[in-house]
Amino acid sequence: AKGFEPIRIFEQNGRLHTLDNRRLLIFSQAGRDVPFVWATPEQVAEESWKFTATTEQAGGWFIRVR
């Protein structure tokens with residue numbers, strides 16, 4: 001994945017999460033290994049707005065990509 005920024009991941013409640021869902025999707029659909037780095041606590045705090053899914057969105061498990 002040369003030329004692409006690595007996705008930023010963090011662990012919460014024993015599960016891995018990413019701050020970069022779109023890039024994760026692209027790498028996954030392309031069947032490529034996903035480069036990653038651990039997100040800093042400051043990055044997670046600054047981008048926590050990304051984790052405000054509604055009940056209807058089932059906590060982000062069901063995402064519609066257009």
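**Salt-bridge network, sheet and surface patch**

In this predicted model, a network of salt bridges links Arg8, Asp20, Arg23 and Glu47. A search of the whole structure returns three salt bridges. Arg8 takes part in a contact with Asp20, where the side chains meet at 2.8 Å, N to O. Because Asp20 belongs to the loop between E2 and helix H1 (21-30) and Arg8 to strand E1, this pair ties together parts that are 12 residues apart in sequence.

Arg8 also meets the side chain of Glu47 in a salt bridge, with an N to O distance of 2.7 Å. Here distant parts of the chain are linked: Glu47 is in the segment after helix H2 (41-46), Arg8 is in strand E1, and the two are 39 residues apart. A further salt bridge joins the side chains of Asp20 and Arg23 at 3.1 Å, N to O. Asp20 thus has a salt bridge with Arg8 and another with Arg23.

The members of the network were then examined for solvent accessibility. Asp20 has a relative accessible area of 7% and is buried. Glu47, at 14% relative accessibility, counts as buried, and so does Arg8 at 15%. Arg23 has a relative accessibility of 26% and therefore counts as partly exposed, since the buried class ends at 20%.

Strand E1, which carries Arg8, is part of an open sheet of three strands with the order E2-E1-E3 and mixed pairing. Strand E2 (15-18) and E3 are the edge strands, each pairing on one side only. On average, neighbouring strands of this sheet are turned by 40° against each other, direction ignored. Strand E1 (residues 7-12) and E3 run parallel and are joined by three bridges. Within this pairing, Ile9 has Trp38 in E3 as its bridge partner.

Trp38 is located in strand E3 (residues 36-38), one of the edge strands. Its relative accessibility is 51%, so Trp38 counts as exposed; the threshold for this class is over 50%. On the surface, Trp38 forms a nonpolar patch with Leu16 and Phe36. Together, these three residues have about 380 Å² of accessible area. Strand E3 therefore holds a residue that is exposed at 51% relative accessibility, Trp38, and this residue is also the bridge partner of Ile9.

Definitions and conventions. Residues are numbered from 1 along each chain as its sequence is written. This is a predicted model: local features need pLDDT of at least 70, side-chain atom pairs count only at pLDDT 80 or more; totals for chains, interfaces and linings use all residues. Side-chain values use heavy atoms; hydrogens and water are left out. Patches are made of residues with over 30% relative accessible area and no salt bridge: like charges are joined within 9 Å, nonpolar side chains (Val, Leu, Ile, Met, Phe, Trp, Tyr) within 5 Å. Accessible areas come from the Shrake-Rupley method with a 1.4 Å probe; for residues, only the protein chains shown count as cover. A salt bridge is a side-chain nitrogen of Lys or Arg within 4 Å of a carboxyl oxygen of Asp or Glu. Helices (H or I, at least four residues) and strands (E, at least two) are DSSP runs, numbered from the N terminus. Buried means under 20% relative accessible area, exposed over 50%, partly exposed in between (1.4 Å probe, protein chains only). Two strands pair if DSSP finds at least two bridges between them. Axes are lines fitted to C-alpha atoms, for helices over the stretch in contact, and angles run from 0 to 180 degrees between N-to-C directions.
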